[in-house]
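Colleague: Could you take a close look at one part of this model for me and describe how its helices pack against one another? I would like the residues on each side as well as the geometry.

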Amino acid sequence: MKLYYSPGACSLAPHIVLEETGDRFDLSRVDIAANQQNSPEYLRINPKARVPALIDGDWVLTEAPAILRYIAARHPAAGLWPWDPQEEARCAEWLNWLSSTIQPAFVHVRRAARYASDPRAIEDVATTGKKNAHELWRKVDEKIGEGPWALGERYSVADPLLIVYWIWGGGPVLGFDMTNDFPHWTAHARRLAARPAVQRAFASEGLTLPS
Ligand SMILES: N[C@@H](CCC(=O)N[C@@H](CS)C(=O)NCC(=O)O)C(=O)O
């Protein structure tokens, strides 16, 4: 398998999950800062102009939740996807919420100019988006609770996706005080940071582990 990724992007989650499987895989870096997601070469892989994209043989899959489930299904022994109907539904519930609601909340701040054309409206999208994001981040923190993982006692592909938005929360775009405002989520991120697979993915992408 080959993962197209950008450092610190939502592609970090499938990167961690690939590391968790213990199987070998290849990485191909797409430099979003240089707009490589819109290059003709990459658009042939993913016409949506987004990372992640996963290639298995000559078969291409996009959308982080689908990729996470696919990698887990291809490596059942790693136990990263729960097959019990209710646990599976919970895992899908997390992935859907993160990708359909949490990520777009961030994008409204990061890329406000995609949502308005008047400069004052753009500023308003970003300011309002940041307030909305803080409230959503609080809800994620509440839902994680004592964990230890998104599904409770069981580690799953939902956990590596959560750490992506934890990083973004404390990053320059949102600038939230993750430790004080979102203590459950921060404890969850620290638990993830103790996993060797997470450490390898962070090192490979040049990211600083939560401490
Ligand atoms: N729904 C997609 C979203 C993918 C996405 O927005 N990826 C971001 C990085 S996290 C990206 O490629 N951004 C480049 C851009 O917005 O131009 C998924 O879940 O995979």
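Modeller: What follows is an account of one helix and the two helices it meets. Please keep in mind that this is a predicted model.

The helix in question is α4, residues 85-110, and one of its partners is α5, residues 119-144, whose axis comes within 8 Å of that of α4 and crosses it at roughly 150°. Because angles over 145 degrees count as roughly antiparallel, α4 and α5 are described as roughly antiparallel to each other, and their crossing is left-handed. On the α4 side the contact is made by Thr 101, Ile 102, Ala 105, Phe 106, His 108 and Val 109, which meet Val 125, Ala 126, Gly 129, Lys 130, Asn 132, Ala 133, Leu 136 and Val 140 of α5. Sorted by character, the residues of this contact comprise nine nonpolar, four polar and one charged.

The other partner is α6, residues 158-170, and here the axes come within 10 Å and cross at roughly 20°. With angles under 35 degrees counted as roughly parallel, α4 and α6 are therefore roughly parallel to each other, and this crossing, too, is left-handed. From α4 the contact draws on Cys 91, Trp 94, Leu 95, Leu 98, Ile 102 and Phe 106, while α6 supplies Ala 158, Leu 161, Leu 162, Tyr 165 and Trp 168. The residues of the contact between α4 and α6 divide into eleven nonpolar, with no polar and no charged ones.

Taking the two contacts together, Ile 102 and Phe 106 of α4 take part both in the contact with α5 and in the contact with α6.

Technical notes. Residues numbered from 1 in each chain as written. Predicted model: local features only at pLDDT ≥ 70, side-chain atom pairs only at ≥ 80, totals over all residues. Axes fitted to C-alpha atoms, helices over the stretch in contact; angles between N-to-C directions. Helix = DSSP H or I, 4+ residues; strand = E, 2+ residues; numbered from the N terminus. Parallel < 35°, antiparallel > 145°, perpendicular 65-115°, else oblique. Left-handed = near helix turned anticlockwise from the far one by under 90°. Contact = placed C-beta atoms within 7 Å. Nonpolar A, V, L, I, M, F, W, Y, C, P; charged D, E, K, R; others polar.
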